[in-house]
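Subject: Structure for you, with notes

Hi,

Here is the structure I said I would pass on. Have a look at it first, then read my notes underneath.

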Amino acid sequence: MGAKDEMKYKPGYDVIVAGGGPAGIMAALAAARTGASVLLFERNGFLGGAATNSVLGPISPFMFGDEQVINGIPQEFVDELMKVHGSTGHMKALDPYGSGAYLGFYDREKYKYVAEEMLLKAGVDIFFHTLLRDLKMEDGSVKGVVLHTKSGAYSFGCKVLVDATGDGDAAVMAGEEYVYGNADTGKAQPGSAMFEMVDVDTDKVYDYIFENPDDFEWKSDIVPVRPYSGRLKQHYFVAQGFKSLVKKAVAAGDLNFGRDSVIVLNGIHPGSIHFNATRVSGYNSTDAVEKSYSEIDGRRQIESVSEFMIKYVPGFEKSYVSVTSNEVGVRETRHIKGLYTLTQEDAGEGRKFDDVVSRGYFPMDVHNPDGVTGYTEGGHNGGCWFDLKDTYDIPFRCLIPARIKGLVLSGRCISGTSVAHGSYRTQGGIMGIGQASGVIAGLAAVSGTEPRDLDVKKVQETLIGYGASVFRDEEKKAREEAHARESVREYMKGRTKYITKKEIIDGFMK
Ligand SMILES: Cc1cc2nc3c(=O)[nH]c(=O)nc-3n(C[C@H](O)[C@H](O)[C@H](O)COP(=O)(O)OP(=O)(O)OC[C@H]3O[C@@H](n4cnc5c(N)ncnc54)[C@H](O)[C@@H]3O)c2cc1C
């Protein structure tokens, strides 16, 4: 049976999801589970958003310390990926500074496939190669979408639209207010042109890091806490630095990119290294002209960094670039105004809200919008890395636009400040938000209720029914912490070498 037999587009749906990134995928799956009919439309010919289109490395999953904070449909997705050899699952970064507590490596091609199959199985119709062109509005409420396609315009009616476009395109088209980037500076985080190199002697790279610890800002071994496919690597690491080599290459005119150090992460497959290393600064990605310029800047940086790696870094002598981002990865653009705006203090202090629908766990990671350096202490106008005191709650109100009805916000465009967004913007946080937005949209559409008028308790109960960790479970947390510690001990016993700081390793082995 071909896809032609599996889908027949209808004139109208209960829920339409705009955008098929991590947020849109989760939103569509969750909305379908509430019993809503769902259409997801996507500008590209595949799912995954930045996760696939911009050639991302790992999912930063789903944990605060060792407590799994994001659960339910996002975890089902990771489980499905693992079944087809497409993910390592959640792995513990022994030194969380710079990379977060856990990393989950994934195969981007499997990601596209698994997401698509899960959506089709859930009965979601998918319309690829479609760009939002217009909205049907009545009395400040969204009633449908008009999509631009190669064969003209297509219109669909809907009861609720979920804006999972990342940039908040639907909300802006509907006339909702927003803030671009940081409200104080008017600047957004830089983008990165991502790429991967293969045929790398990764043992040699590891040895270089091991032998030159002072050349690195941070570095960590990454340890499995659950078995995964034997087809994948069984040891992963991450490091940011090569500072002396970078300095030498810049002085020799051999390297030109927006940073003063290079971050290397393992790619998921043997012999591959992933680069989240370039910095494409000063472009507003919601502006078509600037976006176009940014691609040229990004590709020049990829050429420069990859040639630097081959010429200067041991282990890369015979390597080459196997894939580059289709689109410069966009970290931040618009924050749509909602009923509540999540702040840096809310996230940093680990604040809880009665109307919680998802939780945040990742440090506030803001890349410097206009400098080459990494994180600066304290300041949020440069880059920053702030640890959280505890997990914080994402309130229902951050997903509800301030004025526009029939619309639910999802993914990175929800209502939050630039620095708070620096935390919830990673894939786990975004998937949790996506799941919540789908439940809100589905329950509203099926019951004929305006999203903002929903009973939040019912939203929370539904999310918990789908396995989401809406509230902390102390016993589960204690079990997860004990399991992680034991996994690290076992794993490290079998290793003769490590690049993680000795005091961190000693802490685990006590
Ligand atoms: C450079 C970079 C590095 C990152 N590194 C990590 C990392 O290591 N770990 C991690 O967990 N996270 C990382 N992230 C964060 C993560 O990738 C994003 O936060 C996440 O992809 C956001 O999901 P989203 O669904 O909200 O938006 P997106 O991923 O941007 O998805 C939006 C989707 O909507 C579609 N779309 C947009 N506009 C329209 C329109 N008008 N009509 C139709 N379709 C439209 C797009 O094509 C896209 O598929 C990184 C992000 C970037 C940019």
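Below is what I found, going from the ligand to one strand and then to a loop.

One thing up front: this is a predicted model, and the values here are all computed from it.

**The ligand site**

Let's begin with the residues around the ligand. There are 34 of them, and Glu42, Ser60, Asp169, Arg425 and Gln427 come nearest. By type, the shell splits into 15 polar residues, 13 nonpolar ones and six charged ones.

A few polar contacts are worth pulling up in your viewer. Two go to the backbone: a polar backbone atom of alanine 23 sits 3.1 Å from a ligand oxygen, and a backbone N or O atom of arginine 412 is 3.0 Å from an oxygen atom of the ligand. Asparagine 44 uses its side chain instead, with an N or O atom 3.4 Å from a ligand oxygen.

How much of the ligand's accessible area does the protein cover? On its own the ligand has 990 Å², and 94% of that is covered by the protein. As for which elements give two or more residues to the shell, they are helix H2 (22-33), strand S8 (131-138) and helix H12 (427-447).

**Strand S12**

Next, have a look at S12, residues 195-198. Are its residues buried or exposed? Phe195 and Met197 on one side are buried, and so are Glu196 and Val198 on the other, which leaves both faces of the strand covered. That two-sided pattern fits the general rule that side chains in a regular strand alternate between the two faces of the sheet.

S12 has two antiparallel partners to check. Three bridges join S12 to S16 (residues 273-275), where histidine 274 stands opposite glutamate 196. Four bridges join S12 to S17 (residues 320-324), and there valine 198 has tyrosine 320 as its bridge partner.

**Lysine 187**

Last stop: the loop between strand S11 (178-180) and S12, where you will find lysine 187. Why call lysine 187 partly exposed? Because its relative accessible area is 39%, and that label covers values between 20% and 50%.

Leaving aside residues up to four places away in sequence, lysine 187 touches Gly181, Asn182, Pro369 and Asp370. Aspartate 370 is 183 residues away from lysine 187 along the chain, yet their C-alpha atoms are separated by 8.7 Å.

Shout if anything is unclear.

Cheers

Conventions:
Residues numbered from 1 in each chain as written. Predicted model: local features only at pLDDT ≥ 70, side-chain atom pairs only at ≥ 80, totals over all residues. Heavy atoms only, no water. Near = heavy atom within 4 Å. Polar contact = N/O pair within 3.5 Å; in protein donor to acceptor, adjacent residues only side chain to side chain. Areas by Shrake-Rupley, 256 points an atom, 1.4 Å probe, with all protein chains shown as cover. Nonpolar A, V, L, I, M, F, W, Y, C, P; charged D, E, K, R; others polar. Buried < 20%, exposed > 50% of the residue type's maximum accessible area, 1.4 Å probe, protein only. Pairing = 2+ DSSP bridges. Contact = heavy atoms within 4.5 Å.
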